[in-house]
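Dear colleague,

Please find below the sequence and structure that I am handing over to you. My findings follow directly after them.

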Amino acid sequence: MAPLAVGYAPFGLLVGAAISRSPDPAAGWAGTWTIYGGSAHLAFLDLMSRQAPTALVIASSVLINTRLLVYAMALAPLWAGTRWPWRLAAAAMVVDPVWMLVERRARDCGSRFLRRAHYVGCGVTLAGAWLLAVTAGAAVGSVAAAAAPLAVAVPLCLTSVVVAHLRVRGGWAAVSAATAAALATHSWPSGSGLLVSMGVAALVGLAPQGKGKDHEHVVGRRRRRRSELRHPGPPHGVV
Amino acid sequence: MVSSDLIRIGPRAQQGLRHAGVGAMAALLVSAVVPGSSGWARPDVGVLLALAVGALLAWRRNSMIVVVAAGAAVYLVVTTARLAI
């Protein structure tokens, strides 16, 4: 989580700077906890400063954060069988980077307890770093621009996750479709294009992919075969 | 998530949710790179080169730390070179 937390720091500073310019900084800062999402928080602050109708402010914040519903649904099985306070706490931590890292961790297996511990560690670290960055940004305001170079860490982390998904069956199709959808909708109101990309990725990724094989399985089989050639074991049936 | 004991999600739906999540990541990546959107990283040559190197390393199964460190190094080198010119 450390590289992601560093990468998100400039974004947090940016949100903090927007809070410092808002008419009610205390209320704006409280949104760090209640909204807990940079894009939605920025849209919220922007609409509030323009004195937009309350319904519009709430609707746009909800729309931008709708993707969290999908993340939560995907992560729900991990928390099945636990007490509801744990599930509630886990739900409060669902954001893009947490989903990203927990999803990566899921491929490495490990016990369910360890995966939950990893989840909580990610969530708490990010929440702490985010709160710190937003508060610092609100306190000093103009420092956000100086920290901009750090922001390159975020797209690099995203690249790491997206490229890893290309090995999954339907991954190429899903990522290509989502990228095309994102390019086509990037001028749409904040958050709406993202939802379209998610929907397109799910639909295209699940569409029949012909007789193509899961790259992960193909590579694994090749590796096993190479390993067997290098270190031939006893024939089957011989102990 | 709170009602995860009541809702059962099948493997196909799980796979769809995974695709959807990565679709969101791809969209965020596009918004961070394409000019005119509310990206966090400036869409310059340094960012594009850093992402290209990061993608190559990620494809070769390097860890996220390695991807970020190498990409950030490329970005720094390119940015410094551009400032020097």
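**A buried charged pair**

A:Arg67 and A:Asp96 are both buried. The coordinates come from a predicted model, and the remarks in this message should be read with that in mind. The two residues form a salt bridge, in which the closest N and O atoms are 2.8 Å apart. The pair links distant parts of the chain: A:Arg67 belongs to helix α5 (residues 67-79) of chain A and A:Asp96 to helix α7 of chain A, with their positions 29 residues apart in the numbering. Side chains of opposite charge can pair when their charged atoms come close. Over all chains, the structure holds 1 salt bridge.

**The two chains**

Chain A has 12 helices and 0 strands, and from the N terminus on its elements run α-α-α-α-α-α-α-α-α-α-α-α. Of its 239 residues, 46% are buried. If one takes the contacts in chain A with a separation of 6 or more, 73% are accounted for by residues 24 or more positions apart.

Chain B has 3 helices and 0 strands, in the pattern α-α-α along the sequence. Buried residues make up 46% of its 85 residues. For chain B, 35% of the contacts between residues at least 6 apart in sequence join residues at least 24 apart.

**Where the chains meet**

How many residues does each chain bring to the contact? Chain A gives 67 residues and chain B gives 48 residues. Together the two chains bury about 5100 Å² between them, and 75% of this area is on carbon and sulfur atoms. The count of salt bridges between chain B and chain A is 0.

One residue that takes part in this contact is B:Ala27, which is in contact with A:Ala182, A:Leu194 and A:Ser197 when its neighbours within four places in sequence are left aside. B:Ala27 is placed in helix α1 (residues 11-33) of chain B. This residue counts as buried because its relative accessibility is 6%, and the cut-off for that class is under 20%. Its C-alpha atom is separated by 20 Å from that of B:Gln14, a residue 13 places away along the chain.

On the side of chain A, A:Thr185 lies in helix α10 (residues 171-185). A:Thr185 has a relative accessible area of 7% and is therefore buried. Not counting residues up to four places away in sequence, A:Thr185 touches A:Gly193 and A:Val196. The C-alpha atoms of A:Thr185 and A:Ser197 are separated by 8.6 Å, the two residues being 12 apart along the chain. A:Ser197 is also one of the residues in contact with B:Ala27.

**Enclosed spaces**

The count of cavities of 30 Å³ or more comes to 2. The largest cavity holds about 170 Å³ of space. Its lining consists of 14 residues, and the closest to its centre are A:Tyr8, A:Gly37, A:Gly38, A:Val95 and A:Asp96. A:Asp96 is thus named here as well as in the salt bridge with A:Arg67. Four helices of chain A each supply at least two residues of this lining, namely α1 (2-21), α3 (38-49), α7 (96-107) and α8 (112-140). By class, the lining has 9 nonpolar, 3 polar and 2 charged residues.

The second largest cavity holds about 40 Å³ of space. Which residues line the second largest cavity? They are A:Ala5, A:Tyr8, A:Ala9, A:Leu126, A:Ala129, A:Trp130 and A:Ala133. The elements that give two or more residues to this lining are α1 and α8 of chain A. Helix α8(A) provides the largest share, 4 residues. By class, the lining of the second largest cavity has 7 nonpolar, no polar and no charged residues. A:Tyr8 appears in the lining of this cavity and is also among the residues closest to the centre of the largest cavity.

**In brief**

The points I would ask you to look at in the display are the salt bridge between A:Arg67 and A:Asp96, the contact between chain B and chain A, and the 2 cavities.

With kind regards

Definitions and conventions:
Residues numbered from 1 in each chain as written. Chains lettered and ligands numbered in written order. Predicted model: local features only at pLDDT ≥ 70, side-chain atom pairs only at ≥ 80, totals over all residues. Heavy atoms only, no water. 1 Å grid on protein atoms, 1.4 Å probe; cavity = no way out; pocket = protein on both sides within 12 Å on 5 of 7 lines; lining within 4 Å. Points joined across faces, edges and corners; volume = space filled by probe spheres on them. Nonpolar A, V, L, I, M, F, W, Y, C, P; charged D, E, K, R; others polar. Salt bridge = Lys/Arg side-chain N within 4 Å of Asp/Glu carboxyl O. Buried < 20%, exposed > 50% of the residue type's maximum accessible area, 1.4 Å probe, protein only. Contact = heavy atoms within 4.5 Å. Buried area = accessible area lost by both parts, 1.4 Å probe.
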